[in-house]
There are 2 protein chains.
Amino acid sequence: MRIGELGTAVGVDPPTIRYYESVGVLPEAGRTESGYRNYSQTDVERLRFVSLARSLGVGLDDIRQILGLRDQGEAPCGYVRGVLDRQVDAVKERISQLEGLSAELEKLQRLARTLPDTDLDDPCVCHILQPIGAQH
Amino acid sequence: MRIGELGTAVGVDPPTIRYYESVGVLPEAGRTESGYRNYSQTDVERLRFVSLARSLGVGLDDIRQILGLRDQGEAPCGYVRGVLDRQVDAVKERISQLEGLSAELEKLQRLARTLPDTDLDDPCVCHILQPIGAQH
DNA sequence: CTTGACCTTCAAGTTGCTTGAAGGTGTACG
DNA sequence: CGTACACCTTCAAGCAACTTGAAGGTCAAG
């Protein structure tokens, strides 16, 4: 299986696959006689794992760790649990940050609808950020 | 006012201020005889605007646009409204993505608590991502 | 036999900074 | 007067996770 086929199968594009290989998340691929990368079903599964973990926001370092442990024949259960816990915390933290941000932005949007366009010296939608800034 | 004082006043550290200057978000600063950057109250206000806009997730390109329009004597009201609208949409989109992600991660966390640590061949917390991956 | 889709490598760009090296300036203290 | 010490300067590289581009090789179909 060549890189394009692998990419289509898993939903990851070829440059990204080559990138994963270059940073050691995927092992160096076997080659055909003409030098094309040649993949097997095992590679499909490994890339599927990487792709899923990435979509869950797991970083490449953690993924490399997990796969590395498994490659050495160890069950990386504890490590995975730790990654999961950290990830849940980080995502919840990020959500609450973004919710604050969203509230702030909608306040500005409402203000932007009530204020008219004006000259540079008058209160105006484009100066909207200044008074709010003063609160901080 | 030197760069450190400006930084303390606004809450932005000196390397970041120099970076903003280097990418054209802040104009080139005036200099003292000995070559130190020298700032005025106008610079404090401009940086305060930049800092607030950044904290609202507005990108440096948009900030440069807004300030550029203002520097040219135009009221960037329409542009600001557009940025605001795009920003609100992007943040809401991101929040709903993260909420889906959070639900997914908590499902995995629960599963990780019920599954025992096992050998590499058995269903195990470290293989937890595979079956969920199959759903996608 | 050539077109076009696919593959190769290496290098640089993206975003928004942060960090480090190597060195100049300014002031307070002994 | 000297010397710490905090502060300033520039330039360069590093971070995450890719993406894009250049320049060229391979292969099956028409």
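Helices (H or I, at least four residues) and strands (E, at least two) are DSSP runs, numbered from the N terminus. This is a predicted model, in which local features need pLDDT of at least 70, side-chain atom pairs count only at pLDDT 80 or more, and totals for chains, interfaces and linings use all residues. Residues are numbered from 1 along each chain as its sequence is written, while chains are lettered from A and ligands numbered from 1 in the order in which they are written.

**View 1. The surroundings of DNA strand D.** Here 18 residues surround the strand, and Pro15(A), Ser34(A), Gly59(A), Gly4(B) and Arg37(B) come nearest. A residue counts as near a strand if its C-beta atom, placed from the backbone, lies within 6 Å of it. At least two residues of this surface come from each of H2 and helix H4 (60-71) of chain A, and from each of helix H1 (3-10) and H2 of chain B.

**View 2. The surroundings of DNA strand C.** Look here for Gly4(A), Arg37(A), Pro15(B), Ser34(B) and Gly59(B), the closest of 18 residues. Each of helices H1 (3-10) and H2 (14-22) of chain A and H2 (14-22) and H4 (60-71) of chain B supplies at least two residues of the surface near this strand.

**View 3. The two sides of H1(A).** Ile3(A), Leu6(A) and Val10(A) are the buried residues of this helix. They share one side of H1(A) because they cover an arc of only 60° around the axis, taken from the directions from the helix axis to the C-beta atoms. Glu5(A) and Thr8(A), on the other side, are exposed. Buried means 20 or more other C-beta atoms within 10 Å of the residue's own, and exposed means 12 or fewer, with C-beta atoms placed from the backbone.
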